[in-house]
Amino acid sequence: MEIEGLKRRFLNLDFDERSFEVQKEAMLEFAAACGETAPRYTDPAHADFQAPPTFCARFHGRRMLPGDFPTLGIPLDAGKAVMPQQPIRAGVKLVGKSHLHDIYEKTGRTGRMIFLVSRMELYDEGQALVSIVDSRLVIRERPAA
Amino acid sequence: MILDLHSHSVRSDDGRAQVENYCQWVRKRALPIDGFVLTEHRQFDFESDYTALAREHGLVILKASEVETDYGHVLVFGVTPALVQAFDFASIRLPLVQVLEEAERHGAVAVPCHPGRTRVGMCAHVEERGPVPGVRMVEVYNGGSRGSEDEAAHALAERFGYQGIGGSDAHIVSHIGRCATRFPGRVQSEAELAEALRAGAFEAMSWKSKG
């Protein structure tokens with residue numbers, strides 16, 4: 001599969017949009033799971049109460065790849081990166097818009113791998129960008145028969 | 001002077017270490033290295049400036065690249081803007097011969113790394129297709145080597161008369177400085193590093209067995 005062709009055809013085109021409501025309970029559960037101790041993440045009564053920086057990693061679109069993306073193999077989770085832009089408060093409604101941000105290949109002990117970076121940008125009701133979440137998928141090339 | 005010649009920061013897609021955290025680790029653990037070289041995957045990082053960080057920690061921090069060729073991965077030291085234009089650093093199908101020739105033409109030095117590693121090391125490719133003219137040195141100590149990969153690298157170097165360098169191949173903080181290369185004099189810049197490698201007076205070192 002020719003990577004440059006895939007990039008030309010699929011990069012930077014929104015393929016999914018989904019709404020989320022940020023609930024206080026979910027924020028607290030996430031903070032506890034992360035081992036957060038700072039009151040602004042663990043105490044709803046705190047004046048600056050907000051979600052932990054990586055909170056938006058829990059949000060998923062309806063699909064990870066564009067509907068017409070070719071089947072290259074079985075994609076495996078290759079990690080996530082969250083780039084928080086603004087504090088996220090309890091009760092806020094977010095819209096997550098997804099696009100393919102990058103496609104690249106590399107070689108390793110197991111052979112050639114193709115990486116797909118699906119990026120979700122989360123906006124609040126005022127259209128302000130509050131967080132960017134990159135979900136990386138890896139597809140291993142099938143060994144030659 | 002001892003430099004870890006092979007490391008990756010978060011600028012590499014699989015790097016998990018901030019450069020500042022490498023510096024803190026080297027100093028906190030009193031590692032016996034004077035600095036390290038960031039060899040980011042399939043790119044050269046022209047943007048980052050680590051001068052202040054290097055000064056703050058009293059370390060030498062240099063930049064290089066790790067590219068991917070038909071004979072496995074290759075470290076390129078002494079990268080210049082002109083060299084980056086000479087071939088596509090992002091490609092995973094670079095002919096090793098081309099990388100060696102262009103590096104030589106631009107005053108850089110190309111060194112096949114972790115040659116004993118499956119698929120991305122030079123040894124298996126040499127067995128299959130023979131040696132490549134122009135290779136002068138290989139990485140004989142790699143901090144990420146498994147099993148007998150370093151032994152295979154040493155055997156390759158001995159067989160073809162290659163010189164050996166060492167580098168940790170660190171992707172996480174605690175791996176920095178596990179292998180390195182000792183030079184007789186000071187090396188303060190990318191150009192000086194390329195010159196020191198060309199001069200050939202260096203020694204690969206490993207502390208892996210010491211935990």
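Me: How many residues of chain A are in contact with chain B, and how many the other way round?
Reply: Eight residues of chain A are in contact with nine residues of chain B (in contact: C-beta atoms, placed from the backbone, within 7 Å). This is a predicted model, where local features need pLDDT of at least 70 and side-chain atom pairs count only at pLDDT 80 or more, while totals for chains, interfaces and linings use all residues. Residues are numbered from 1 along each chain as its sequence is written, and chains are lettered from A and ligands numbered from 1 in the order in which they are written.

Me: Which strands supply A's side of that?
Reply: Strand S3 (93–108) and strand S4 (111–123) of chain A supply at least two residues each. S3(A) has the largest share, with four residues. Helices (H or I, at least four residues) and strands (E, at least two) are DSSP runs, numbered from the N terminus.

Me: And what's that side like by class?
Reply: On the side of chain A that touches chain B there are four charged, three polar and one nonpolar residue. Here Asp, Glu, Lys and Arg are charged, Ala, Val, Leu, Ile, Met, Phe, Trp, Tyr, Cys and Pro are nonpolar, and the others, Gly among them, are polar.

Me: OK, what's the strand order in chain A's sheet?
Reply: The order is S1-S3-S4-S5-S2, an open sheet of five strands with antiparallel pairing (strands pair if DSSP finds at least two bridges between them). At its edges sit strand S1 (14–21) and strand S2 (76–84), each pairing on one side only. S1(A) and S3(A) are antiparallel and share seven bridges, and A:Asp16 stands opposite A:Ser98 in S3(A).

Me: How do the elements of chain A run from the N terminus?
Reply: They go α-β-α-α-β-β-β-β. The C-alpha trace of chain A spans about 60 × 30 × 20 Å along its principal axes.

Me: Switching to B: what's the strand order in its sheet?
Reply: Chain B has an open sheet of seven strands in the order S5-S4-S3-S2-S1-S8-S9, with mixed pairing. Strand S5 (109–112) and strand S9 (203–206) are its edges. S9(B) runs antiparallel to strand S8 (residues 179–182), joined by four bridges, and B:Arg182 has B:Glu203 in S9(B) as its bridge partner.

Me: Which residues touch the most other members of the largest nonpolar core?
Reply: Those are B:Leu3, B:Val76 and B:Val138, in a core of 64 residues. A nonpolar core is a set of buried Ala, Val, Leu, Ile, Met, Phe, Trp, Tyr and Cys residues joined through C-beta atoms within 7 Å. A residue is buried if 20 or more other C-beta atoms lie within 10 Å of its own, exposed if 12 or fewer, and partly exposed in between. Strand S3 (residues 60–69) of chain B gives this core its largest share, five residues. There is also a second, separate core of 13 residues, including A:Met27 and A:Ile88.

Me: What is B:Val138 in contact with, beyond four places in sequence?
Reply: Its contacts include B:Val111, B:Met122, B:Leu156 and B:Tyr162.

Me: Which residues of helix H4 in chain B are buried?
Reply: In H4(B) (residues 96–105), the buried ones are B:Leu96, B:Val99, B:Leu100 and B:Ala103. They fall within an arc of 95° seen down the axis of H4(B), so they line one face of the helix; the arc is that of the directions from the helix axis to the C-beta atoms.

Me: What covers them?
Reply: The cover over the buried residues of H4(B) includes S3, strand S4 (72–77), helix H3 (81–86) and S5 of chain B.

Me: And what follows H4(B)?
Reply: B:Gly107 follows, with a positive phi near 75°.

Terms used:
Contact = placed C-beta atoms within 7 Å.
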